Amino acid sequence: MRILLVEDERKVASFIARALKENTYAVDVVETGEKAIESGAEVAYDAILLDVRLPGISGIEVCRELRQRGVEAPILMLTARGLVEQRVEGLDAGADDYLTKPFVLTELLARVRALVRRGFHTGNARLSYADLALDRHRRRATRGQEIVPLTTKEFALLELLLLRAPELVTAARSSNTYGIAISIAKRIFLRSTSTACVRSWIKTGRRS
Ligand code: CA
């Protein structure tokens, strides 16, 4: 799942981004409305988290502009507490949902999950790389004609890898993510190939 986070307050942005990444979302952060319009129109995001108060173009104008450009990604507006007009304006501008600040992280994550589910209906449901494919509607992975059985965590990680492919995703050898990656690789490759292939598929270390 790939999320665009639009938030000019760095501390808030890094807090939200970290939580989303821990939940295996791929996150791009931008700080201005201009950049949000540029990225939102360019990349097919599964959801856009949009702060209303931004320097320059406001979140509401960003939302309106994205919809005018045909962007269908579900949008969650982050609004100030008590400003009912702001919420109404946001929904009128094409937002799907809103959350008032300050919010509880678990609620944000729940809203994001709901939004992403909704977003599937607008496309982007199938991811693939080489002969590996992921059907995000049916939660099913296949390699060629063969179904690859995956646990929920394995599915989420493989999804992230496919969203980033062919970019290299780095994980510490000691991390939980690395362990999950090993088990995905085994499931994908071990039926037909050697363990050497698994080792070469998983690369640890630095991003160049
Ligand atoms: Ca702000």
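Q: Which residue of E8 does Ala-133 stand opposite?
A: This is a predicted model. Four bridges join E7 to strand E8, residues 140-143, and the two run antiparallel. In that pairing, the residue of E8 opposite Ala-133 is Thr-142.

Q: Which residue stands opposite Ala-133 on the side of E6?
A: Strand E6 covers residues 126-129 and strand E7 covers residues 132-135. They pair in the antiparallel sense over four bridges. Within this pair, the residue opposite Ala-133 is Ser-128.

Q: In the hairpin of E6 and E7, which residue takes a positive phi?
A: Two residues lie between the strands of this hairpin. The one in question is in the loop between E6 and E7 and is not a glycine, although phi is near 50°. The residue is Ala-130.

Q: Is Ala-130 buried or exposed?
A: A residue counts as exposed if 12 or fewer other C-beta atoms lie within 10 Å of its own. Ala-130 has 9 such atoms within 10 Å, so the class is exposed.

Q: Which residue takes a positive phi in the hairpin of E7 and E8?
A: This hairpin has four residues between the strands. Phi is near 55° at Arg-139.

Q: Why do the buried residues of H7 line one face of the helix?
A: Helix H7 has 14 residues, 176-189, and reaches 20 Å from its first C-alpha to its last, close to the 20 Å expected. Its buried residues include Ile-180, Ala-181, Ile-184 and Ile-188. Seen down the axis of H7, the buried residues line one face because they fall within an arc of 105°.

Q: Which helix is included in what covers the buried residues of H7?
A: The cover includes strands E7, E8 and E9, the last of these being residues 146-148. It also includes a helix of residues 152-164, which is H6.

Q: How far apart are the end C-alpha atoms of H6?
A: H6 has 13 residues, and at 1.5 Å a residue they should span 18 Å. The value in the model agrees with this expectation: 19 Å.

Q: Which helix is included in what covers the buried residues of H6?
A: In H6, the residues Phe-155, Leu-157, Leu-158, Glu-159 and Leu-161 are buried. Their cover includes strands E6, E7 and E8. The helix included is H7.

Q: In what order do the five strands of the open sheet stand?
A: The pairing in this sheet is parallel. Strand E2 (26-30) and strand E5 (97-101) each pair on one side only, which makes them the edge strands. Neighbouring strands are turned by 20° against each other on average, direction ignored. The order is E2-E1-E3-E4-E5.

Q: Which residue of E4 stands opposite Asp-51?
A: E3 and E4 run parallel and are joined by four bridges. Opposite Asp-51 in E4 is Leu-78.

Q: What angle does the direction of H1 make with that of E2?
A: H1 packs on the sheet and touches E1, E2 and E3. Its direction makes an angle with that of E2 of about 165°.

Q: How many residues has the largest nonpolar core?
A: Ile-3, Val-6, Ala-47, Ile-48, Leu-49, Leu-50 and Cys-63 have the most contacts inside this core. Elements that give two or more residues to it include strand E1, helix H1, strand E3 and helix H5. Another core, of twelve residues, lies apart from it and has Val-148, Phe-155, Leu-158 and Ile-188 among its members. The largest core has 32 residues.

Q: Where is Gly-70?
A: Gly-70 is exposed, with 7 other C-beta atoms within 10 Å. Ala-41 is 29 residues away from it in sequence and 8.1 Å away in space, C-alpha to C-alpha. Gly-70 has its place in the loop between H3 and E4.

Q: Which residues does a cis peptide bond join?
A: Omega of this bond is about -5°. One partner, Pro-102, is found in the loop between E5 and H5. The bond joins Lys-101 and Pro-102.

Q: Where does Thr-24 lie?
A: Thr-24 is not a glycine, yet has a positive phi of about 60°. It is partly exposed, with 18 other C-beta atoms within 10 Å. Thr-24 lies in the loop between H1 and E2.

Terms used
Residues numbered from 1 in each chain as written. Predicted model: local features only at pLDDT ≥ 70, side-chain atom pairs only at ≥ 80, totals over all residues. Pairing = 2+ DSSP bridges. Expected span 1.5 Å × (residues − 1). Buried ≥ 20, exposed ≤ 12 C-beta atoms within 10 Å, placed from the backbone. Arc of directions from axis to C-beta. Contact = placed C-beta atoms within 7 Å. Core = buried A, V, L, I, M, F, W, Y, C linked by C-beta atoms within 7 Å. Axes fitted to C-alpha atoms, helices over the stretch in contact; angles between N-to-C directions.
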